[in-house]
Amino acid sequence: MQFNRYTLRRTMFAIIGLIVIAYAVFHVGDVGVSVAKLMNLLTPFIAGAVMAFILNVPMRFLEKRVFVKIKNKRFKKFQRPLAVLLSLIIVISLITVVSVIVIPQLIDSITLFAGNMPEYITAFNRFLDQLVERFPDTAEQVDQIRQTMQDFSPNNLQEAILDFLRSSPDGGSGDEGHLITSAVFSTFGIVTSVFGFLINAVIGFAFAIYVLFSKEQLAIQGRRLIFAIFSHETAKYVIHVFQVGFAKFYNFLTGQLLEAVILGSLMCTGMLILRLPYAIMIGVLIGFTALIPIAGAIIGGLIGFLLVFSVSATKAMIFLVFMLCLQQFESNVIYPRVVGGSVGLPSMWTLFAITIGGSLMGLMGMLLFVPLVSTIYSLISEIIHGRLEMKGISKTDPNIIYGVPDSKRLKS
């Protein structure tokens, strides 16, 4: 075997790669700490990239659909700043509207629910008594339920909070001095966290604005870097992968936004027709939580059920039936047509992506893994279709659709 520069370089890269993998395997803890520190340093820039991607949705719409109709040459100079400004106004206005409509009524509903809690507990205890009278065998289970209710009573929760505050920073319990010490440490930790969050938010926002103003230049720089590192054909495929990923993420975000608006509007309209309370607030809440795939509508519906239940148990049951019907309509009609069509991911793989993403990264994982898995799914489909075409096999080949007949199978 003749050793040339290319072979030597590949061998060196393989050796270095094996050394890095071996070190990572035998020093998992150190690698995890290093990765956590790196992610902490990159947090504002990651947040800025997410902000830029979200703001790019209305900005792209304005530039491609609205501003393109304006033929004034002077306007072209101010097109990008105006698009960024209007996108910020749109996003901030939506967040403000949701906050103004939802948060005050949510606080009032929680207050009302807490005020009626003694009546709910009394009615529930009465139900438990009737249950024991009809089914004496359930007495032991009912006692366990009542014991659990006592453990979560307001007085017990208050005592638990005070005990936590009285505990010293080293884990032991103490007197009022320890209470003050713990309070000081807690306050200092909260202030530090808030200050750090504000700094990261400012840096992330500035980074997002920079990305929006120079996104074309950044794309060109990225493509130059890819062509400089890889061969021409490999670089073209790498760029294709990034383009497919961007399209999937963009379509997923726009599809989720459209689906959220449709679902929130249907919820609000239906509740107004049924004369249920908090129609506008719950409609906005459902639309906002619907941005989370599949699980969002369930979370919003549960909160809405509790809010309506604080007013009337009968209306809460009506709301529950309406919500279940609307959820079935959303799952079988709205989501497949609006989001599924834009992302191109079957329902089974959508559920897989949400489950894995939620387990690894929580809410953010649910949002990221659907377009990520959709990208991988599309690329694998392209590879499979390309290989079939190279072999002259049609996608409608009977052996693919129906399987190979028994007489033609290879037998051992």
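Is F246 buried, partly exposed or exposed, judged by relative accessibility? In this predicted model, F246 has a relative accessibility of 35% and therefore counts as partly exposed. The briefing below turns from the nonpolar cores to a nonpolar surface patch and then to the aromatic pairs, among which F246 appears again as a partner of F53.

**Nonpolar cores**

- The largest nonpolar core comprises 22 residues, and those with the most contacts inside it are L263, M267, M271, I282, V308 and F319.
- At least two residues of this core are supplied by each of the helices α3 (73-115), α9 (232-273), α10 (279-289), α11 (295-309) and α12 (313-343).
- Leaving aside residues up to four places away in sequence, I282 touches M267, M271, P277, G304, L307, V308 and F319.
- Another core, of 13 residues, lies apart from this one, and F67, F75, V84 and V211 are among its members.

**Nonpolar surface patch**

- V35, L38, M39, L41, L42, F45, I46, V50, I54, F195, I199 and I203 make a nonpolar patch of about 1,000 Å² on the surface.
- Two or more residues of the patch are given by each of α2 (28-66) and α7 (176-213), and the largest share, nine residues, comes from α2.
- I203, one of the patch residues, has its place in helix α7 and counts as partly exposed because its relative accessibility is 34%, which is between the limits of 20% and 50%.

**Aromatic pairs**

- Six aromatic pairs are found when the whole structure is searched.
- One of them joins F45 and F207, whose ring centres are 5.4 Å apart and whose planes stand at 90 degrees, so the pair is classed as edge-to-face.
- This pair links distant parts of the chain, since F45 belongs to helix α2 and F207 to helix α7, with their positions 162 residues apart in the numbering.
- F45, which also contributes to the nonpolar patch, counts as partly exposed at 37% relative accessibility, and F207 is likewise partly exposed, with a relative accessible area of 28%.
- F53 and F246 form an edge-to-face pair as well, with 5.8 Å from centre to centre and 80 degrees between the planes.
- Because F53 lies in helix α2 and F246 in helix α9, the pair ties together parts of the chain that are 193 residues apart in sequence.
- F53 counts as partly exposed at 23% relative accessibility, and F246 counts as partly exposed at 35%.
- F53 and F246 also belong, together with F249 and Y250, to one aromatic cluster.

Note on methods. Residues are numbered from 1 along each chain as its sequence is written. This is a predicted model: local features need pLDDT of at least 70, side-chain atom pairs count only at pLDDT 80 or more; totals for chains, interfaces and linings use all residues. Side-chain values use heavy atoms; hydrogens and water are left out. A nonpolar core is a set of buried Ala, Val, Leu, Ile, Met, Phe, Trp, Tyr and Cys residues joined through side-chain atoms within 4.5 Å. Buried means under 20% relative accessible area, exposed over 50%, partly exposed in between (1.4 Å probe, protein chains only). Helices (H or I, at least four residues) and strands (E, at least two) are DSSP runs, numbered from the N terminus. Contact means heavy atoms within 4.5 Å. Patches are made of residues with over 30% relative accessible area and no salt bridge: like charges are joined within 9 Å, nonpolar side chains (Val, Leu, Ile, Met, Phe, Trp, Tyr) within 5 Å. Accessible areas come from the Shrake-Rupley method with a 1.4 Å probe; for residues, only the protein chains shown count as cover. A salt bridge is a side-chain nitrogen of Lys or Arg within 4 Å of a carboxyl oxygen of Asp or Glu. Rings of Phe, Tyr and Trp (its six-membered ring) pair if their centres lie within 6.5 Å; planes under 30 degrees apart count as stacked, over 60 as edge-to-face and the rest as tilted.
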